[in-house]
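Student: I'd like a close look at one part of this model. Please keep it brisk, and then set that part in its surroundings.

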Amino acid sequence: MTDFLVRLFIKDYQQLNDMKIRAKYGFLAGIVGILCNIVLFAAKLTIGMLSGSLAITADAVNNLSDASSSIVTLLGFRLSQKPPDDEHPFGHARFEYLSGLAVAALILIIGFQLGKDSIMKIIDPTPVEFSWPLVFVLLLSIAIKLWMSLFNQNIGRRIHSASLQATAADSRNDMISTGAVLITAIIAHLFDINLDGYVGFLVAIFILYSGVGIAKETIKPLLGAPADPQLVEMVARETLGFDSRILGIHDLVVHDYGPGQRFASLHAEIDYRLDVLEAHELIDDIERMFRNKFNIQLVVHYDPVVTDDAELNEMKAFVFRKAKEIDSRLQLHDFRMVRGKEHTNFIFDLVIPRELKGKEKELQRRLDDAVQQADMKYYTVITFDDQSFNTMSQEPIACALGNNG
């Protein structure tokens with residue numbers, strides 16, 4: 001069904017890197033959500049008022065809020081397509097994250113109100129009338145919400161939309177809560193036990209918990225979450241595989257200004273003997289490839305490295321090995337050797353995990369001891385990098401750097 005709707009309403013639906021096509025996916029999901037939730041709202045409200053069930057009526061209102069959240073999602077996709085302007089030079093793509101946050105806020109409001117009403121129903125219970133139309137509407141609701149959850153999850157995965165993933169989770173939660181309401185109605189009919197208020201309260205807690213989780217997920221990119229490990233691995237793989245003259249990469253930083261608005265920078269190690277104009281052309285080609293193929297605005301910093309100095313290469317491999325013996329998570333880059341009359345300095349950056357913050361002096365002492373065992377004239381001059389900002393510390397990249405000395 002999802003593929004049918006996509007093919008029917010979205011021309012060139014396979015061009016997922018095109019932001020206009022991506023927006024059409026979002027519009028389709030929003031329209032489908034609005035129509036389905038309005039149908040469910042009308043059906044549940046009618047049955048809820050006829051049966052006197054607060055849980056069913058509240059569930060109907062929740063469907064209305066879901067329709068509102070679909071409208072918010074629609075607006076988010078629409079506003080995110082606004083081009084850059086003087087006040088927002090990086091575009092407006094983060095509106096999609098804000099729409100996801102608005103959906104989470106609506107979920108929390110509904111959960112709070114349902115909890116409040118359920119407590120009043122526990123204090124002053126009223127009978128729930130059972131009818132087969134009620135069962136039919138609730139079963140219909142469960143089926144539709146299950147399909148909506150799968151539909152939004154499918155679309156959200158295709159276009160990597162946190163907003164639609166949140167909508168999918170909301171539909172899944174609605175399916176579960178409606179199932180609980182149906183069980184309550186059946187228990188009341190068969191055993192004359194009124195659990196309407198209690199179940200409503202449990203559903204409210206479930207909705208609040210879900211709302212908090214969705215809010216946390218949508219806030220992460222706004223606050224500056226770490227780069228996706230898969231994205232880091234992809235950038236490393238594509239850069240290192242682009243040309244054999246790229247000997248290594250490090251210091252990858254990704255800035256996320258919303259879907260389709262990703263900016264990144266990295267340092268590329270290139271043999272210092274390569275002509276500067278050739279190195280510049282190579283870097284331009286890499287940046288152009290990422291812009292055209294992945295819609296990533298990449299800036300590559302040229303790091304010339306000495307490859308024909310036997311002593312430097314030997315000691316670089318030695319220091320790298322000693323660092324790994326101290327802690328396998330340690331990474332080093334920008335390794336240089338400065339020879340003097342009395343001593344030789346090895347100057348490099350050392351990437352350390354968060355757990356080793358505050359232990360920089362101890363790390364430097366241990367590495368100094370290691371190099372001086374090789375020769376007393378050797379000393380280290382280390383700049384410590386925080387792994388939180390150096391996303392090139394992932395294991396696949398560590399192997400790539402290790403393979404290049």
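Student: Take the open sheet of 3 strands that includes strand 1: what order do its strands have, and what is the pairing?

Tutor: First, the ground rules. This is a predicted model, so local features need pLDDT of at least 70 and side-chain atom pairs count only at pLDDT 80 or more, while totals for chains, interfaces and linings use all residues. Residues are numbered from 1 along each chain as its sequence is written, and side-chain values use heavy atoms, with hydrogens and water left out.

Now the sheet. Its strand order is 1-2-3, and the pairing is mixed. Strands here are DSSP runs of E with at least two residues, helices are runs of H or I with at least four, and both are numbered from the N terminus. Two strands pair if DSSP finds at least two bridges between them. In general, strands of a sheet pair through backbone hydrogen bonds, either parallel or antiparallel.

Look at the edges of this sheet. Strand 1 (246–256) and strand 3 (296–305) each have a single partner strand, so one side of each is left without a neighbour in the sheet. From one strand to the next, the twist averages 20 degrees. Angles run from 0 to 180 degrees between N-to-C directions, and the axes are lines fitted to C-alpha atoms, for helices over the stretch in contact.

Next, the pairing of strand 1 with strand 2. Strand 2 covers residues 262–271 and runs antiparallel to strand 1, with 8 bridges joining the two. One pair to find on screen is H255 with its bridge partner F263 in strand 2.

A helix packs on this sheet. Helix 8 (residues 229–242) touches strand 1, strand 2 and strand 3, and its direction makes about 145 degrees with that of strand 1. Contact means heavy atoms within 4.5 Å. Helix 8 has 14 residues and spans 20 Å from its first C-alpha to its last, close to the 20 Å expected at 1.5 Å a residue. That expected span is 1.5 Å times one less than the number of residues. The buried residues of helix 8 are L231, V232, M234, V235, A236, E238 and T239. Buried means under 20% relative accessible area, exposed means over 50%, and partly exposed lies in between, with a 1.4 Å probe and protein chains only.

Now turn to the other sheet, 4-5-6. This is an open sheet of 3 strands, with mixed pairing. Strand 4 (331–339) and strand 6 (378–386) stand at its edges, so one side of each has no neighbour in the sheet. Neighbouring strands here are turned by 15 degrees against each other on average, direction ignored. Strand 4 and strand 5 (residues 344–352) pair in the antiparallel sense over 7 bridges. Q331 stands opposite V351 in strand 5. Helix 10 (residues 310–326) packs on this sheet and touches strand 4, strand 5 and strand 6, with its direction at about 140 degrees to that of strand 4. Helix 11 (residues 360–374) packs on the sheet as well, touching strand 5 and strand 6, and makes about 150 degrees with the direction of strand 6. Back in the strands, L332 has L350 in strand 5 as its bridge partner. Strand 4 and strand 5 form a hairpin, with 4 residues between them.

Some loop residues deserve a look. E355 lies in the loop between strand 5 and helix 11. E355 counts as exposed, at 53% relative accessibility. The C-alpha atoms of E355 and R288 are separated by 38 Å, with the two positions 67 residues apart along the chain. H160 sits in the loop between helix 5 (132–159) and helix 6 (162–191). H160 is not a glycine, yet has a positive phi of about 55 degrees. Most residues other than glycine have a negative phi. H160 is exposed, with a relative accessible area of 67%.

Finally, the whole protein. There are 12 helices and 6 strands. Buried residues make up 46% of the 405 residues. The C-alpha atoms fill a box of roughly 95 × 50 × 35 Å, taken along the principal axes.
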